[in-house]
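Open the model in your viewer and set the display to cartoon with side chains available. The stops below say what to select and what is there.

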Amino acid sequence: MTLYDVLSAEVEVVIVGLTGSIESSVEGLDRDEDLDITPFDSTFKAFRYLEEQDPELRDSKAVICDADLLSREGFLFVHNLRRDPELCNVPVIAIDRTGRQHGPTFLRNGVDDCYRAPISWRILRTRISQIREYRLLLPDSCEPVAPEDVFAIPPGKRIFDIAFAIAAITFFALPMLLIAAAIKLTSPGAVIYRSKRIGTGYEEFDFLKFRSMIPGADKQVDQLMAQNQYGKNGVFLKVKNDPRVTWIGRIIRNTSLDELPQLFNVLRGDMSIVGNRPLPLREAEQLTSEDWSERFLAPAGITGKWQTSGRGKDTMDVASRMTLDIEYARSYSAFEDLKILFKTFGAMKQDANV
C-alpha cells in the first residue's frame, strides 16, 4: 500500500471514554463518507479492538480519547500503542473536558496532541491528517519505549516474589507431585489447566492451575449461567456445587491447592505473589470500563485484597471486588503486601463450594 493509498483511505476514528458525551466534547460532529466512528468505554476494549484489525488497515485508524482517563490510568493505553510495531503510528489526540490537564505531560507520554473541549471536529480531522502524514513519511517513526514507560514489578517486590516462589515450590514439591498423580489417575485429560489471562498493563499470558474440572468444562459455561451466584448475566462465574468439578478438584479448590502451579507464573514474571487477580479474556472484555481500567496498573497476583476480603463468600459482588482491586492499585506497598499475605492463610479454606 502506497503513502497516497494510505492517506486517501477512509479514516476510522476510535473514540475512547467520551461515549455518551461526544457531542458536548466535539462540535460539528458529522458522519460523512470519509468518517467512520467506533466508540469504546475503556482503553482496554479499544486496544484489543485495534490489535485484532488487519495489519494493512491499521494505518487508517486514529484515536480520540478522554484526557482524564489517559492520565488516571498512567497513559497505559498510549504506551501499549507506541510499543506495538503494528500500532505505533496510530495518531492519538486527547480531549480535556476538565481544564485540569497539562499538554506537555501528554506529549511526553506519546500523545500527539491535546485539546480543551469543546473542539471543532474540522480542526480534529485536519490535525489527524497532519499527524498521519508526518508519521508515515518518517522511515522509523516508531521510537523504542523507554524502560520507565513500561510497567515492571518494583525491584524489591520482584526479589521477594522470586525468593518466596522458590521456597514455596521446594516446600510443596511432594504435595504437588501427589496432586498431579491423583488428577492423572482419577480423570482423563491434562494435569495442568492453562488459560489465557489479562494481567498487568493488559498483558496476555498463559495462566497455570491444577485441573480441577472434567475435560471440556469451558464449553458448559453457557449452560450454567442460570446458576451463577453473580446473576445469570454476571461477568464472573461462580456456581455452588459446580457439576464440572471432579472429587479431587473439589478438595484442591476448597484448600486453594489448585493455585500452586501459579508459583511458576511468578518465576516467569507473569505475576507477583500479591496483586490483583488476572482476568480471563471474557471477563476482562465485559468488565473493564472507563472507571475500572486502573486495576491493570497493579501487578497481577496469586492472592490479593479480594481473596482476603471475600473469597468464596456469596456476598462479594462485582462492584465490591473491583473497588478492592482499584484500592490496591492506588496504594500497594511492601507493608500492604505483607498484611494481605498473612491474611491469605486464613482465607485459603473457602466457606462455599464454588
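Buried here means under 20% relative accessible area. This is a predicted model, and the tour starts inside it.

**Stop 1: strand β5**

Select residues 92–96, strand β5. Five of its five residues are buried, so the strand is largely enclosed by the rest of the structure. Now show the side chains. V92, A94 and D96 point one way, while I93 and I95 point the other way. That fits a general pattern: in a regular strand the side chains alternate between the two faces of the sheet.

**Stop 2: the neighbours of β5**

Add residues 61–66, strand β4. β4 and β5 run parallel and are joined by four bridges. Centre on A94: C65 stands opposite A94. C65 is buried, at a relative accessible area of 0%.

Next add residues 113–116, strand β6. β6 also pairs with β5 in the parallel sense, over four bridges. Here the bridge partner of A94 is C114. Trace the chain from β5 to β6: the path goes through helix α6, residues 103–108, and the β-α-β crossover is right-handed. C114 is partly exposed, with a relative accessible area of 22%. Do not look for a disulfide at this stop or any other, as the structure holds zero of them.

**Stop 3: strand β1**

Select residues 11–16, strand β1. Six of its six residues are buried. V11, V13 and I15 point one way, and E12, V14 and V16 the other way. β1 pairs with β4 in the parallel sense over five bridges. Pick V14 to find one of the contacts: its bridge partner in β4 is V63.

**Stop 4: an antiparallel sheet**

Move to the open sheet of three strands, ordered β9-β8-β11 with antiparallel pairing. Which strands stand at the edges? They are β9 (204–210) and β11 (279–280), each with a single partner strand, so one side of each has no neighbour in the sheet. Select β8, residues 192–198, together with β9: seven bridges join this antiparallel pair. R194 has L208 of β9 as its bridge partner.

**Stop 5: salt bridges around β9**

Stay with β8 and β9, and show K196 and D206. Their side chains meet in a salt bridge (2.9 Å, N to O). K196 lies in strand β8 and D206 in strand β9, 10 residues apart. K196 is partly exposed at 41% relative accessibility, and D206 is partly exposed at 27%.

Now pick K209. Its side chain meets D258 in a salt bridge (3.3 Å, N to O). D258 sits in the loop between α11 (247–254) and α12 (262–268), 49 residues from K209 in strand β9. Both D258 and K209 are buried. K209 also meets E259 in a salt bridge (3.9 Å, N to O). E259 is in the loop between α11 and α12 and K209 in β9, so this pair ties together parts that are 50 residues apart in sequence. E259 is buried, as is K209.

**Stop 6: a salt-bridge network**

Select D68, R72, E294 and R330, which are linked in a network of salt bridges. The count for the structure comes to 20 salt bridges.

**Stop 7: out to the surface**

Switch on the surface and select F160, L338, F342 and F345. They make a nonpolar patch of about 440 Å². Helix α16, residues 334–347, gives the most to this patch, with three residues. End on F342, which is in helix α16. F342 is exposed, with a relative accessible area of 63%.

Terms used
Residues are numbered from 1 along each chain as its sequence is written. This is a predicted model: local features need pLDDT of at least 70, side-chain atom pairs count only at pLDDT 80 or more; totals for chains, interfaces and linings use all residues. Side-chain values use heavy atoms; hydrogens and water are left out. Patches are made of residues with over 30% relative accessible area and no salt bridge: like charges are joined within 9 Å, nonpolar side chains (Val, Leu, Ile, Met, Phe, Trp, Tyr) within 5 Å. Accessible areas come from the Shrake-Rupley method with a 1.4 Å probe; for residues, only the protein chains shown count as cover. A salt bridge is a side-chain nitrogen of Lys or Arg within 4 Å of a carboxyl oxygen of Asp or Glu. Helices (H or I, at least four residues) and strands (E, at least two) are DSSP runs, numbered from the N terminus. Buried means under 20% relative accessible area, exposed over 50%, partly exposed in between (1.4 Å probe, protein chains only). A disulfide is a pair of cysteine sulfur atoms within 2.5 Å. Two strands pair if DSSP finds at least two bridges between them. A crossover is right-handed if, with the strands pointing away from the viewer, the path from the first strand over the helix to the second runs clockwise.
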